[in-house]
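Trainee: Please take one part of this model and look at it closely with me. Start with the overall layout, then work inwards to the annotated site.

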Amino acid sequence: MSESIQAIKEKLTTITSLTDPSLEYLKQDPRKGVQQALNSLAKRLEKEAKIKEKYQEMFVFEKQGYANGHQWIAGIDEVGRGPLAGPVVAAAVVLSKDEEILGLNDSKQLSEKKRELLYQEIQEKALAIGIGIVDEKVIDEVNIYEASKLAMIQAVEKLTVQPTYLLIDAMKLDLPIQQEKLIKGDARSVSIAAASIIAKVYRDRLMADYDQLYPGYGFGHNAGYGTKEHLIGMEKQGITPIHRRTFAPVKKYL
């Protein structure tokens with residue numbers, strides 16, 4: 001009796017190469033369902049190969065750092081420059097050179113579900129993670145650009161290992177550590193991408209908490225950005241303690 005198509009499909013989920021010898025007899029199976037399952041396998045493996053290739057492309061800066069003798073390399077990124085409310089949050093992440101986290105990319109390019117999954121995987125596999133938070137009061141005092149730098153420095157200082165090389169998204173920091181500034185670094189370096197995901201998910205959760213504290217502005221889904229709902233909220237209810245008073249749309253309601 002022939003093996004069921006369902007059983008074959010389950011077996012194919014464990015196959016990692018089209019050259020696997022166990023596929024030979026399935027190629028001769030005349031059943032349409034089996035051939036469709038083989039086509040699905042080929043597509044899955046092609047997709048996985050592209051994801052692995054993308055990881056290696058984004059690992060080039062880390063690889064160069066390791067070749068230059070650096071053991072601890074931290075990727076750094078921030079989120080929250082544009083919102084009208086809430087803090088700017090930065091993350092510093094030191095990844096293991098021996099363990100891949102496939103699918104890393106600029107957090108803005110990922111769905112919320114994918115970000116959450118990668119956030120968990122980074123938490124499990126990263127060698128160290130540091131978070132820096134600079135609130136709206138400091139943002140108003142020093143401006144958002146300087147506040148972003150302060151958050152990044154905080155994040156590096158909170159790492160449990162001392163990095164000797166920093167990969168930073170479009171910034172240079174006042175730290176006595178060798179560093180490289182990468183334009184669009186969150187899409188070019190796995191370490192910076194990991195930092196962007198950690199910072200994004202962390203800040204989104206923070207803003208969801210603020211949504212409970214200050215309802216009516218939509219912080220749970222707009223993360224403090226100036227959406228229509230947020231602007232209407234300010235018009236009806238005024239501003240909250242977490243609003244950035246130096247930002248133009250907020251000034252109007254002081």
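**From the whole chain to the annotated site**

Mentor: The protein chain is assigned two domains: domain 1 (5-56) and domain 2 (70-252). These bounds come from an automatic or database domain assignment. The centres of domain 1 and domain 2, taken over C-alpha atoms, lie 39 Å apart. Five residues from domain 1 and eight residues from domain 2 take part in the contact between them. Contact here means heavy atoms within 4.5 Å.

Some ground rules come next. This is a predicted model, in which local features need pLDDT of at least 70 and side-chain atom pairs count only at pLDDT 80 or more, while totals for chains, interfaces and linings use all residues. Residues are numbered from 1 along each chain as its sequence is written, and side-chain values use heavy atoms, with hydrogens and water left out.

Now the overall shape. The C-alpha trace of the protein chain spans about 75 × 50 × 25 Å along its principal axes. Its radius of gyration is 23 Å, whereas a compact globule of 254 residues would have one near 18 Å. That radius is taken over C-alpha atoms, and the globule rule is 2.2 Å times the number of residues to the power 0.38. The protein chain holds 11 helices and five strands. Helices (H or I, at least four residues) and strands (E, at least two) are DSSP runs, numbered from the N terminus.

Of the 254 residues in the protein chain, 46% are buried. Buried means under 20% relative accessible area, exposed means over 50%, and partly exposed lies in between (1.4 Å probe, protein chains only). The accessible surface of the protein chain is about 13500 Å², and 52% of that belongs to carbon and sulfur atoms. Such areas come from the Shrake-Rupley method with a 1.4 Å probe; for residues, only the protein chains shown count as cover. Take the contacts in the protein chain between residues at least 6 apart in sequence: 62% of them join residues at least 24 apart.

Now the site itself. An unreviewed UniProt entry carries the annotation "binding site" on Asp77, Glu78 and Asp169. They are spread over 93 residues of sequence, yet they cluster in space, with a largest C-alpha distance of 8.2 Å. UniProt positions are given in the numbering used here, feature names are shortened, and annotations may be inferred rather than shown by experiment.

Begin with Asp77. Asp77 sits in strand β1 (residues 73-79). Its relative accessibility is 2%, so Asp77 counts as buried. Setting aside residues up to four places away in sequence, Asp77 touches ten residues' worth of chain that can be listed: Val89, Ala90, Ala91, Met152, Asp169, Asp186, Ile192, Ala195, Ser196 and Ala199.

Asp169 belongs to strand β4 (residues 165-169). Asp169 is buried too, because its relative accessible area is 11%. Beyond its neighbours within four places in sequence, Asp169 contacts Ile76, Asp77, Met152, Leu182, Ile183, Lys184, Gly185, Asp186 and Ile192. Asp186 is thus a contact of Asp77 and of Asp169.

Asp106 also touches Asp186. Its other contacts are Ala187, Ala193 and Ser196, not counting residues up to four places away in sequence. Ser196 appears on the list for Asp77 as well. Asp106 lies in the loop between β2 and α5 (112-125). With a relative accessible area of 6%, Asp106 is buried.

Two loop residues deserve a look for their backbone. Ala170 has a phi near 60 degrees, a positive value in a residue other than glycine. Ala170 is placed in the loop between β4 and β5 (178-182). Its relative accessible area is 27%, so Ala170 is partly exposed. Lys184, a contact of Asp169, has a positive phi of about 55 degrees and is not a glycine. Lys184 lies in the loop between β5 and α8 (190-213). At 61% relative accessibility, Lys184 is exposed. Most residues other than glycine have a negative phi.

Finally, the strands behind some of these contacts. Val89, Ala90 and Ala91 touch Asp77. Strand β2 (residues 88-94) runs antiparallel to β3, and seven bridges join them. Two strands pair if DSSP finds at least two bridges between them. Val93 stands opposite Ile129 in β3. Strand β3 (residues 128-134) is largely enclosed by the rest of the structure, because five of its seven residues are buried.
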